[in-house]
Amino acid sequence: MKILVCISNVPDTTTKIKFSEGDSSIDTTGVQWVINPWDELSLTRALELKDDPSSGIKSVTVAHVGPVSSEPTIRKALAIGADDAIRVNAGAADAYFVAAQLAELVKKEQFDIIMCGIESSDHNGSEVGAMIAEFLNIPSVSAVSGITPENGIPVITREIDGGREKVTVPAPFVIIVQKGIAKEPRIASMRGIMTARTKPIKVVEPVAGESLTQIISLEKPAPRSACKFIDADNPAQLIELLKNEAKVI
Amino acid sequence: MSVLVFTENWDGKFKKLTYELVSWASEVAKMINGTVTALSIGSVAEGELEKLGNYGAGKVLTVETPALNTLDSQAYAALLSEVVLKEKASVVILSNNNMGKAVAPRLSVRLKAGICSGVSKLPLSTDPFTVYKRAYSGNAFSRVVIKSDIKIVTLAQNSFGIIENPVNVTVEKANVAVDNSLVHTQVKDVEKQSGKILLTDADIVVSGGRGMKSPDNWTPLLELAEALGAATACSRPVSDEGWRPHEEHTGQTGKIISPNLYLAVGISGATQHLAGVSASKYIVAVNTDKDAPIFEAAQYGIVGDAMKILPQLAEAVKHIK
Ligand SMILES: Cc1cc2nc3c(=O)[nH]c(=O)nc-3n(C[C@H](O)[C@H](O)[C@H](O)COP(=O)(O)OP(=O)(O)OC[C@H]3O[C@@H](n4cnc5c(N)ncnc54)[C@H](O)[C@@H]3O)c2cc1C
């Protein structure tokens, strides 16, 4: 079985993002780009599965839709341990467009398990994974916090209201992963970094695709009002304010 | 033209988010001169279904079939798309929670309808259809145009509120076929607690961080939560240490919540933590360090020791309730 891990290239989560009011994208000068944290965890789990002979996983490929400038992030994924990578040479117009491109890859290369993160830390969309599945008319499971082979069949754990459940779906399928899928992201070893240099990044041109949405501008969040401090000797006053001023209790 | 609401229930009772979705839909229906139809999947009593009329739903469609007892996003999206077309809906609204995230993107592809997730306000304009959403984990908001004829929106919980808007309501069975051949999800095992307040649906959340010092110190926090009728949450290190269950972890890599009141106790307020709670209406912090970043995000704060403050807060709550 072959796994495809879809990765998104996002500003490091500690970056203070900068943009001018009304811009449609952020100022990228000085921004550190990283693998979207969720995708890093999903790659980690994919590699753990490959390490486990009972999983039947033979290869882990990463795919990214984006310009050549995102290749350092793809190399990072190769250094962490992905076998190879595919980059669709196109700007990520919107989730619909990106998912159409990735679905095309899955169709051509016949992946069995497709893994996506629950959201990218930039546009917080949570859309691409389930869209890929619908383009291909295959099952998708969302809110996935685990995947473990049992008797050769991948058993998927997903979060539901008030708990979790274990489910199976026939391959090929898409899982949209979240917390719990892997403990800590795997870190590239020195050897990984060396071998990543020679691993292939296949570049493919996009298929015709549309975007259905467009970001027209970004805005700063409204500043929160300054914190009102309540004397530690009189905590009851806080409850009084929450009841009568904020009216939330 | 209509606005279609994908409702959710928990053990047969509508979740609070459902009323919020219907409220949003009613306001949008006014903007486009349309009506509101709500779709309910699963077993919900007639009286409960009719409650949706209080918030502006003129029609409630029901689907009840064992095939849909388990969430199968493919089958759900197929069903929903059929209802959208039958009802000639031009706007579809779901919650931006696990359910919405599983179903809405599939619906988008099925209908070739643009989607915007995590919307927090009414549309800024209906032509072009422009919505407002949170981006960069709360560090920015974006204005997004949905270009297709049918628009799909997922609403950030607690961002809009519940507005009463009573209308006459009819309840009927949805006249659509459920395609059983699309149901591929097989459940092997379920671990589920009923009767607990769902963290993602809670109005009030009391959350503890590393400043709570030890898992043995949680009793006063739980007592305060109980007095407030609140759900409990925690920061990541707390769940990593195993002090609290993983379900409680909030933040960028945990649950993203937006209660009316988020009470952060012994939490420093790291950006990754705030990413999960910054959409809360009110943030209140209790922390020994007056310079902790959490106070920059909070509207109310107490500089003090959690172990001293928590019991007094619980006491004060019991007084007013
Ligand atoms: C990629 C990435 C993702 C992350 N995702 C998340 C996430 O999803 N959620 C998350 O929470 N974190 C996340 N983190 C971790 C985050 O950066 C912080 O380390 C974490 O939030 C700190 O948790 P804390 O506030 O409980 O602990 P600390 O930062 O140690 O803060 C403890 C606070 O308690 C106060 N305190 C001490 N004693 C007392 C007392 N007696 N009474 C009251 N207050 C007291 C201290 O003044 C301090 O402010 C992430 C980090 C990374 C790198």
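**Entry 1: the two domains of chain B**

I began with the spacing inside chain B of this predicted model, where the C-alpha centres of domain 1 of chain B and domain 2 of chain B lie 31 Å apart. I noted the bounds as 2–182 for domain 1 and 199–320 for domain 2. Looking at how the two domains touch, I found that domain 1 of chain B brings eight residues to the contact and domain 2 of chain B brings twelve residues.

I then looked up the area, and between them domain 1 of chain B and domain 2 of chain B bury about 820 Å², with 30% of it on carbon and sulfur atoms. On the side of domain 1 of chain B, I recorded that Arg134(B), Gln157(B) and Asn158(B) supply 57% of the area buried against domain 2 of chain B, more than any other three residues.

For the charged pairs I found one salt bridge across this interface of domain 1 and domain 2 of chain B. I also looked at the side chains of Lys16(B) and Asp203(B), which form a salt bridge at 2.2 Å, N to O. I counted six residue pairs in polar contact between the two domains of chain B, with both residues at pLDDT 80 or more. By class, I wrote down one nonpolar, four polar and three charged residues for the side of domain 1 of chain B that touches domain 2 of chain B.

**Entry 2: chain B against chain A**

I turned next to the contact between the chains, which takes 86 residues from chain B and 76 residues from chain A. Here I noted that chain B and chain A bury about 7100 Å² between them, and that 56% of this area is on carbon and sulfur atoms. Of the area that chain B buries against chain A, I found that Arg106(B), Tyr136(B) and Tyr300(B) supply 11%, more than any other three residues.

I looked for salt bridges across the interface of chain B and chain A and found eight. I also recorded the salt bridge in which the side chains of Arg164(A) and Glu191(B) meet, at 3.3 Å, N to O. For polar contacts, I noted 32 residue pairs across the interface of chain B and chain A, with both residues at pLDDT 80 or more. When I asked which element gives the most to the side of chain B that touches chain A, I found helix 4 of chain B (residues 98–111), with eight residues. That side of chain B divides, in my notes, into 39 nonpolar, 32 polar and 15 charged residues.

**Entry 3: a sheet that takes strands from both chains**

I followed an open sheet of six strands, in the order 13(A)-18(B)-17(B)-16(B)-14(B)-15(B), and the pairing is parallel. Strand 13 of chain A and strand 15 (231–234) of chain B stand at the edges with a single partner strand each, so I noted that one side of each is left without a neighbour in the sheet.

Where the chains join in this sheet, I found strand 13 (residues 228–229) of chain A paired in the parallel sense with strand 18 (residues 300–303) of chain B over two bridges. I looked up the partners residue by residue: Lys228(A) has Tyr300(B) as its bridge partner in strand 18 of chain B, and Phe229(A) stands opposite Gly301(B) in that strand. I had already met Tyr300(B) among the three residues that supply 11% of the area chain B buries against chain A.

**Entry 4: a salt bridge within chain A**

Over all chains I noted a count of 27 salt bridges. I looked at one in chain A, where the side chains of Arg87(A) and Glu71(A) meet at 2.9 Å, N to O. Arg87(A) lies in strand 5 (residues 84–88) of chain A and Glu71(A) in helix 2 (residues 71–80) of chain A, so this pair ties together parts that are 16 residues apart in sequence.

**Entry 5: backbone points in loops**

I checked the backbone with a general expectation in mind, that most residues other than glycine have a negative phi and most peptide bonds are trans.

- I found a cis peptide bond from Ala171(A) to Pro172(A), with omega near -5°, and placed Pro172(A) in the loop between strand 9 (163–168) and strand 10 (173–177) of chain A.
- I found a cis peptide bond joining Asp127(B) and Pro128(B), with omega about -5°, and placed Pro128(B) in the loop between strand 8 (125–126) and strand 9 (129–135) of chain B.
- I noted a positive phi of about 50° at Asn151(A), which is not a glycine, and placed Asn151(A) in the loop between strand 7 (140–150) and strand 8 (153–160) of chain A.

Key
Residues are numbered from 1 along each chain as its sequence is written. Chains are lettered from A and ligands numbered from 1 in the order in which they are written. This is a predicted model: local features need pLDDT of at least 70, side-chain atom pairs count only at pLDDT 80 or more; totals for chains, interfaces and linings use all residues. Side-chain values use heavy atoms; hydrogens and water are left out. Domain bounds come from an automatic or database domain assignment. Contact means heavy atoms within 4.5 Å. Buried area is the accessible area (1.4 Å probe) that two parts lose on being put together, summed over both. A salt bridge is a side-chain nitrogen of Lys or Arg within 4 Å of a carboxyl oxygen of Asp or Glu. A polar contact is a pair of N or O atoms within 3.5 Å; within protein, one must be able to donate a hydrogen and the other to accept it, and residues adjacent in sequence count only if both atoms are side-chain atoms. Ala, Val, Leu, Ile, Met, Phe, Trp, Tyr, Cys and Pro count as nonpolar, Asp, Glu, Lys and Arg as charged, and the others, Gly among them, as polar. Helices (H or I, at least four residues) and strands (E, at least two) are DSSP runs, numbered from the N terminus. Two strands pair if DSSP finds at least two bridges between them.
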